Amino acid sequence: MIRLSKSSLDSREKDAVCRILDSEFLGMGKEVGHFESDLKNFFQREVVCVASGTAALHLALQALDIKRGDEVLIQSLTYVASFQAIAATGATPVPCDVNPSTLCINLSDAKKKLSNRTRAIMPIHYAGKPQQMSEIMKFAKDNGLRIIEDSAHAFGSYYKGKKVGSFGDITCFSFDGIKNITSGEGGCVVSNDEAIIQKVKDARLLGVQGDSENRVKRSRSWQFDVAALGWRYHMSDIMAAIGRVQLQKHDTFSEIRKRASQQYTQHLKEIDGIYPIFKNFTDWTPHIYPVKISEHLDRETFRKKLLEMGVETGFHYLPNHLHSYFQKLYPTALPNTEQIACQLVSLPLHVDLNDDDLKYVCDCIREILP
Ligand SMILES: *Cc1c(COP(=O)(O)O)cnc(C)c1O
């Protein structure tokens with residue numbers, strides 16, 4: 001079976017985990033502190049590690065004091081995690097349309113959905129490609145909004161020569177098992193806003209003030225104040241140990257993902273009825289490889305036939321504005337999203353695919369197309 005996505009691990013991650021197990025200290029301790037320093041080096045900005053990408057988004061929103069009655073603009077075409085993180089604060093996710101060719105938020109639709117409740121915009125770097133950050137930053141500035149980048153797909157990507165996370169307002173990453181690098185589960189918040197960083201640090205450990213600083217020294221606070229709402233959203237040393245090894249492999253992983261995507265694009269060029277969304281991978285790390293299939297094809301049949309041939313594919317994503325929970329919060333129709341979403345199929349993409357695998361996937365597609 002050629003899997004849609006998977007983690008890529010070897011003895012180095014296993015040794016790192018065993019080292020933590022041998023220490024018999026499994027919670028948040030020195031290893032998390034080391035992972036945060038490694039990431040700070042990578043981004044040249046402050047980083048707070050947390051339990052998941054969803055937790056990172058939730059904590060970032062909470063640190064901005066976004067709450068019930070507030071609205072956050074977001075493209076409907078994203079993982080449900082982005083929507084739930086907004087809903088978790090009590091705020092309303094306001095679903096916006098995408099530009100069909102880039103799969104990025106359509107700013108003219110976003111503009112129409114501005115209200116006096118709008119507090120922030122959450123751009124998604126779909127597939128890992130940041131495409132219009134200058135425009136989004138201008139839009140946010142003009143309308144007094146904060147920006148929380150959902151960069152779950154975009155670890156290691158660049159925008160106009162700058163690494164995602166090294167510029168902008170607040171950037172959130174995911175390290176779940178299938179992301180560009182993993183720490184098992186996990187995520188992080190990156191920002192140059194010290195107040196935000198401090199709030200996220202406290203809120204990840206139940207709001208216990210200063211506990212983050214103590215725990216990475218393997219100590220903890222016995223006298224403290226709790227001044228804000230908090231959660232158990234910290235990262236464990238086991239996760240950090242995996243993440244640190246993966247970070248060292250990132251450059252290699254990134255090259256493999258770029259090369260695989262380039263090869264798909266090359267192979268698929270000659271096939272009618274299937275159209276790659278992205279063709280150039282020089283300055284960004286592709287997390288998924290989405291293609292648009294002809295509207296005359298039934299997507300579910302296409303997926304099942306490939307699965308029978310041993311090729312797993314996926315749909316990124318079911319538009320969130322069509323889910324009953326979010327429909328109740330903010331009913332809207334999004335023509336571009338609804339049209340493109342049912343034609344999108346993601347092909348297998350992970351770092352253990354070889355040239356023969358990629359060719360096999362494309363041969364299967366060629367065979368099942370009419
Ligand atoms: C993976 C992902 C998240 C959530 O990250 P988790 O670590 O799984 O909680 C959020 N947004 C997008 C677009 C994602 O792909």
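## Asp272 and the loop after helix 9

In this predicted model, Asp272 has a relative accessible area of 68% and therefore counts as exposed, the threshold for that class being over 50%. Asp272 lies in the loop that links helix 9 to strand 10 (274-276). Its C-alpha atom is 29 Å from that of Tyr79, and the two residues are separated by 193 positions in sequence.

## The largest nonpolar core

The largest nonpolar core contains 37 residues, and the members that touch the most others are Tyr126, Tyr264, Leu268, Phe302 and Ile365. Two or more residues come from each of helix 9 (237-268), strand 11 (289-293), helix 10 (299-308), helix 12 (335-341), strand 12 (344-347) and helix 13 (355-368). Helix 13 is the greatest contributor, giving six residues to this core.

Ile365 illustrates the connections within the core. When residues up to four places away in sequence are not counted, Ile365 touches Leu268, Ile274, Phe302, Leu306 and Leu347. A second core, separate from the one just described, has 31 residues, including Ala56, Ala60, Ala87 and Ile148. In soluble globular proteins, nonpolar side chains tend to be buried together.

## Packing of helix 2 on helix 9

Helix 2 (residues 30-43) packs against helix 9 at an angle of about 30°, and the two axes are 8 Å apart. Helix 2 is therefore roughly parallel to helix 9, since this description applies to angles under 35 degrees. The crossing of helix 2 past helix 9 is left-handed.

On the helix 2 side, the contact is formed by Lys30, Glu31, Val32, His34, Phe35, Asp38, Leu39 and Phe42, while helix 9 supplies Asp237, Ala240, Ala241, Gly243, Arg244, Leu247 and His250. By class, the residues of this contact are seven nonpolar, three polar and five charged.

## Packing of helix 3 on helix 7

Helix 3 (residues 53-63) and helix 7 (residues 194-203) have axes 9 Å apart and pack at an angle of about 125°. Helix 3 is therefore oblique to helix 7, because this angle falls between the range of 65 to 115 degrees for roughly perpendicular and the limit of over 145 for roughly antiparallel. Their crossing is right-handed.

The meeting residues are Leu59, Ala60, Gln62 and Ala63 in helix 3 and Ile196, Lys199, Val200 and Ala203 in helix 7. Six of the residues in this contact are nonpolar, one is polar and one is charged. Ala60 also belongs to the second nonpolar core.

## Helix 4 and its surroundings

Helix 4 (residues 80-88) has Ala81, Ser82, Phe83, Ala85, Ile86 and Ala87 as its buried residues. Their cover includes helix 3, strand 2 (71-75), strand 3 (92-96), strand 4 (118-122), strand 5 (146-150) and helix 11 (324-329). Gly90, which follows helix 4, has a positive phi near 95°.

Thr92 is located in strand 3. Its relative accessible area is 16%, so Thr92 is buried, the limit being under 20%. Apart from residues up to four places away in sequence, Thr92 touches Asp70, Glu71, Val72, Ile86, Leu329 and Tyr330. Ile86 is itself one of the buried residues of helix 4. Between Thr92 and Arg220, the C-alpha to C-alpha distance is 36 Å, across 128 residues in sequence.

## A buried serine after strand 11

Ser294 occupies the loop between strand 11 and helix 10. With a relative accessibility of 15%, Ser294 falls under the 20% limit and so counts as buried. Neighbours within four places in sequence aside, Ser294 is in contact with Gly273, Tyr275 and Gln343.

## Backbone exceptions

Most residues other than glycine have a negative phi, and most peptide bonds are trans. Glu24, a residue other than glycine, has a positive phi near 55°. Glu24 is in the loop between helix 1 (11-23) and helix 2, and its relative accessible area of 72% makes it exposed. Lys160, which is not a glycine either, has a positive phi of about 50°. Lys160 lies in the loop between strand 6 (158-159) and strand 7 (162-163) and, at 62% relative accessibility, counts as exposed.

The peptide bond from His316 to Tyr317 is cis, its omega being near 15°. Tyr317 belongs to the loop between helix 10 and helix 11.

Technical notes. Residues numbered from 1 in each chain as written. Predicted model: local features only at pLDDT ≥ 70, side-chain atom pairs only at ≥ 80, totals over all residues. Heavy atoms only, no water. Core = buried A, V, L, I, M, F, W, Y, C linked by side-chain atoms within 4.5 Å. Buried < 20%, exposed > 50% of the residue type's maximum accessible area, 1.4 Å probe, protein only. Helix = DSSP H or I, 4+ residues; strand = E, 2+ residues; numbered from the N terminus. Contact = heavy atoms within 4.5 Å. Axes fitted to C-alpha atoms, helices over the stretch in contact; angles between N-to-C directions. Left-handed = near helix turned anticlockwise from the far one by under 90°. Nonpolar A, V, L, I, M, F, W, Y, C, P; charged D, E, K, R; others polar.
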